[in-house]
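Reader: Please take one part of this model and look at it closely, setting out how the strands are ordered and what packs against them. I would like one connected account rather than a list.

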Amino acid sequence: MNTIFEKRAELKKKMRNRERMFAGWVSYSHPSITETFARAGFDFIAIDMEHATISLSEAQRIIAASQSEGVPCIPRPVSHSDDYLKPLMESGSDGMLVQMVNTPEQVENLIKLLKYPPVGRRTYGVNRAQAYGFDFDQYIQSWNETSTFMIQVESIEAVENIEKLLAFDEIDGVMVGPYDISGSLGVPGQTSHPLVIEASKKVIAACEKFGKSCGTQVADTTPESVQALFDLGYTYAIMGSDLFVLWKWAEKMQGLMNSMR
């Protein structure tokens with residue numbers, strides 16, 4: 001069996017078993033960054049295509065770079081549209097992290113786009129995902145059962161609907177977006193505000209009830225900040241990002257240079 005298929009199935013199993021996991025996050029398009037991150041042994045690497053300028057063709061190279069090191073890759077597209085979802089799946093992604101999912105109707109539509117019949121209505125084609133034809137049968141027969149479908153909960157509407165959203169068995173995991181939740185609660189940027197923590201805890205509890213993995217991103221990654229995340233009940237942590245790493249380094253260098261001028 002192609003090892004990509006094994007790693008894809010393994011990730012989904014970890015999600016469903018609510019195992020403790022760690023993920024990387026890339027916002028820059030050069031695949032060398034992804035290769036470097038993948039060598040660290042993350043459980044998966046996510047691609048930010050919502051707030052970054054990564055194109056579909058660049059995403060394919062990132063997916064390939066991640067998988068070359070044995071690490072599954074989950075893109076976060078900018079839209080719920082099949083115009084983005086299908087090309088990313090055909091590029092060989094191991095699943096999808098869909099941003100701003102608020103209603104059961106949105107989940108139903110996404111399942112139709114992400115899964116092959118009879119579960120959904122994804123159309124059949126040949127591209128990198130199917131090894132350009134060599135793994136076509138294996139891919140289409142295993143995709144529905146091994147691909148990871150994650151939703152991002154980042155509004156108070158989604159928090160209020162969380163049990164309705166998680167009632168869909170096809171959902172494997174949730175990513176909580178505290179920045180957007182804080183904005184929808186009228187306290188933008190205050191990710192530690194009691195209202196935001198309360199909303200996050202509601203999502204965490206629902207994920208435990210429905211057997212879904214639940215995680216979020218840690219901007220300033222320290223042992224203490226990651227442990228605090230797990231103490232809240234999260235099952236996976238996204239360990240910063242390439243953008244955060246460079247930003248924090250540049251900020252530190254700025255202070256050093258200013259102190260020596």
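Author: Two strands are taken to pair if DSSP finds at least two bridges between them. In this predicted model, that criterion applies to strand β7 (residues 213-218) and strand β8 (residues 236-239), which run parallel and are joined by four bridges; within this pairing, Q217 stands opposite I238 of β8. On its other pairing, β7 is joined by three bridges to strand β6 (residues 173-176), again in parallel, and here V174 has C214 of β7 as its bridge partner. Strand β7 is mostly covered, with five of its six residues buried.

These pairings belong to an open sheet of eight strands, whose order is β3-β2-β1-β8-β7-β6-β5-β4 and whose pairing is parallel. The edges are formed by β3 (73-76) and β4 (95-98), each of which has a single partner strand, so that one side of each is left without a neighbour in the sheet. From one strand to the next, the twist averages 25°. The partner of the edge strand β4 is strand β5 (residues 148-153), to which β4 is joined by four bridges in a parallel arrangement, and the residue of β5 that forms the bridge partner of M96 is F149.

Helix α1 packs on this sheet, where it touches β1 (21-26), β2 (44-48), β3, β5, β6 and β7, and its direction makes about 50° with that of β5. Helix α5 (residues 104-114), for its part, lies across β4 and β5 and runs at about 150° to β5.

Besides its contacts with the sheet, helix α1 (residues 3-16) meets helix α6 (residues 136-146), the two axes coming within 10 Å and crossing at roughly 15°. Since angles under 35 degrees count as roughly parallel, that crossing makes α1 roughly parallel to α6, and α1 passes α6 in a left-handed crossing. The contact brings F5, R8, A9 and K12 of α1 together with Q138, Y139, S142, W143, N144, E145 and T146 of α6, and by class these residues divide into four nonpolar, four polar and three charged.

A further helix pair can be described in the same terms: the axes of helix α2 (residues 31-38) and helix α3 (residues 56-68) come within 8 Å and cross at roughly 25°, and α2 and α3 are therefore roughly parallel to each other. Their crossing is right-handed, with P31, T34, E35 and A38 of α2 meeting R61, I62, A65, S66 and S68 of α3, a contact that has four nonpolar, three polar and two charged residues.

Methods:
Residues numbered from 1 in each chain as written. Predicted model: local features only at pLDDT ≥ 70, side-chain atom pairs only at ≥ 80, totals over all residues. Heavy atoms only, no water. Axes fitted to C-alpha atoms, helices over the stretch in contact; angles between N-to-C directions. Helix = DSSP H or I, 4+ residues; strand = E, 2+ residues; numbered from the N terminus. Parallel < 35°, antiparallel > 145°, perpendicular 65-115°, else oblique. Left-handed = near helix turned anticlockwise from the far one by under 90°. Contact = heavy atoms within 4.5 Å. Nonpolar A, V, L, I, M, F, W, Y, C, P; charged D, E, K, R; others polar. Buried < 20%, exposed > 50% of the residue type's maximum accessible area, 1.4 Å probe, protein only.
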